[in-house]
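Subject: Structure handover

Hi,

Here is the structure I promised to pass on to you. Please open it alongside this message, and then read on for what I found in it.

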Amino acid sequence: MPASTKKSLRVAVLADSDTRWKWGALTANRIAPADSDIRLDGYLLRGRATPTARQLEEVGVRADSLREVTSVEFLREMAREEAAYDVLVLSLVGGGVQAMLHGLSHQWRERAATGSTERPVVVTGYVGVVYEKLADGLLLRHGADLVLANSRQDADRFTAVYEGVGADASSVTEVALPFLGGATYEKHDPSAKQGRRPYTVVFAAQPSVPESRKDRTYLLNRLIQHARLHPDREVLLKLRSKPGEHTTHIEEQPYQRLAERIPGGPPANFRLVYGHMGEVLDRTDLLVTVSSTAALESLHRRIPTVVLTDLGVRESLGNHHFVGSGCLASWDRLDDGHIPTPDERWVARQGVAAAGSVSGGGPAAGEGSYETAFDAARERIAALLGGGTLPDLAPYYTPATAPGYLPGILARHHLAPDGSPLPGAPDAEREPGPVRQIVRRAARGAYRHGVQRVAPVIRRMGEL
């Protein structure tokens, strides 16, 4: 066997939830230069949303190594000479990214004092649709070498925000969502020989949209009503997590609990399903959601896709992002058989390949562009890796520009305003023993129980 001609590329991904691990790991593979042989090390930030083994298995992304760390443990790991990564992907909430940027700056300044000036290319971005806290989230991510925008629309917005506050916008790099793909949808034919499967409607649930029990019960009842009106259809409620598990957002009212209270139980053609979203889309004929990123996955495959208007078109729901998409509709219209047609220009600006008819007509506008969507990021990373010593990280927020905001963000990660670990920060030099691990699991379980059981009761009592 001839030796591989590919260059070895060491990549680290720090993530704080199952969805962010998926985005970070897939992004790492997408943006690596084409001639690279990747070694991927995963670090899961310890917290309320640290993914369980089941969630990691469902995501289906493999790493060469994967372990759970605190913020300070991770920063100390990145300071070691042995941890000579080429690329570091920060797949975290905005505050976590900002804390890591300052923490890394501190660690690498100390390492530079000993003569080592090399550091990895630092990359960050968003796991999906950016529909709230645009300026806040973006400025918390400023300072990374690349801030990835999942579409042309996002790249324009990101650049406008940075330039609007006088920050360097050169880090903004247009890519696409890394998990798009799968077979193009073929119009359902119940008489086809391949199994004659029923027409399948999938509702993609979200952990925190909508939030209230009333609204979530309404959506569940409409989904079940649709199943009863169409007994020839299979109606699936696609869930992100099981009760007690957390994902990117907190789920205080799990649909599983609400479904248990349905009088008489749901009809036989209604089911709750878990698993990889791509596998569920393989058998989907109509995707329904409030504002899930699953809508973009579905549109990419040209699956008929509906974004619900039943609860209004509101920023708090995130479905305002789909204004102009041609996908907005209500359950009443779906019950009557409505099938939407997405707007080609809107879809093209979202970084997905599909446009035009969802029934699989002629070639879509921009079809094939998805495979080249990450070229600009690859080229920038290759240039940074081959351009000599990288400059110091320079976040927009500093103790001088945001003295009333930044220290609190850093303190949540046990960091001082200069990015150094605070006294009493978790010890990174030793692995937690069995007792410590049990206490951590118990504390996390208690937190989740409080979120899903106790907090809603307290809120309802407060409304009396």
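**What I found**

Let me start with one small pairing: Gly42 has Leu66 as its bridge partner, and Leu66 lies in β3. Before going further, please keep in mind that this is a predicted model.

That pairing belongs to a parallel match between β2 and strand β3 (residues 65–69), which extends over 5 bridges. Strand β2 also pairs in the parallel sense with strand β1 (residues 7–15), here over 9 bridges. If you would like a spot to look at, find Val11, which stands opposite Leu40 in β2. To get from β1 to β2 the chain passes through helix α1 (residues 18–31), and this β-α-β crossover is right-handed. As for β2 itself (residues 36–45), 7 of its 10 residues are buried, leaving the strand mostly covered.

Here is some general background on such pairings. Strands of a sheet are joined by backbone hydrogen bonds, in either a parallel or an antiparallel arrangement.

Further along the chain you will come to an open sheet of 6 strands with parallel pairing, in the order β10-β9-β8-β11-β12-β13. Its edges are β10 (270–273) and β13 (328–329); each has a single partner strand, so one side of each is left without a neighbour in the sheet. The partner of β10 is strand β9 (residues 234–238), and the two pair in the parallel sense over 4 bridges. Within these strands, Val235 stands opposite Phe270 in β10.

A helix goes with this sheet too. Helix α7 (residues 213–229) lies across β8 (200–204), β9, β10 and β12 (305–308), and runs at about 160° to β9.

Next, have a look at a pair of helices. Helix α5 (residues 134–141) packs against helix α6 (residues 152–164) at an angle of about 75°, and their axes are 10 Å apart. Angles of 65 to 115 degrees count as roughly perpendicular, so α5 is roughly perpendicular to α6. On the α5 side the contact involves Leu134, Ala135, Leu138, Leu139 and Arg141, which meet Arg157, Phe158, Val161 and Tyr162 in α6. By type, the residues of this contact are 7 nonpolar, no polar and 2 charged.

Finally, the overall picture. The chain has 15 helices and 13 strands, and 53% of its 464 residues count as buried. Among contacts with a separation of 6 or more, 73% are between residues 24 or more positions apart.

Enjoy exploring!

Best wishes

Notes: Residues are numbered from 1 along each chain as its sequence is written. This is a predicted model: local features need pLDDT of at least 70, side-chain atom pairs count only at pLDDT 80 or more; totals for chains, interfaces and linings use all residues. Side-chain values use heavy atoms; hydrogens and water are left out. Buried means under 20% relative accessible area, exposed over 50%, partly exposed in between (1.4 Å probe, protein chains only). Two strands pair if DSSP finds at least two bridges between them. A crossover is right-handed if, with the strands pointing away from the viewer, the path from the first strand over the helix to the second runs clockwise. Contact means heavy atoms within 4.5 Å. Axes are lines fitted to C-alpha atoms, for helices over the stretch in contact, and angles run from 0 to 180 degrees between N-to-C directions. Angles under 35 degrees count as roughly parallel, over 145 as roughly antiparallel, 65 to 115 as roughly perpendicular and the rest as oblique. Ala, Val, Leu, Ile, Met, Phe, Trp, Tyr, Cys and Pro count as nonpolar, Asp, Glu, Lys and Arg as charged, and the others, Gly among them, as polar.
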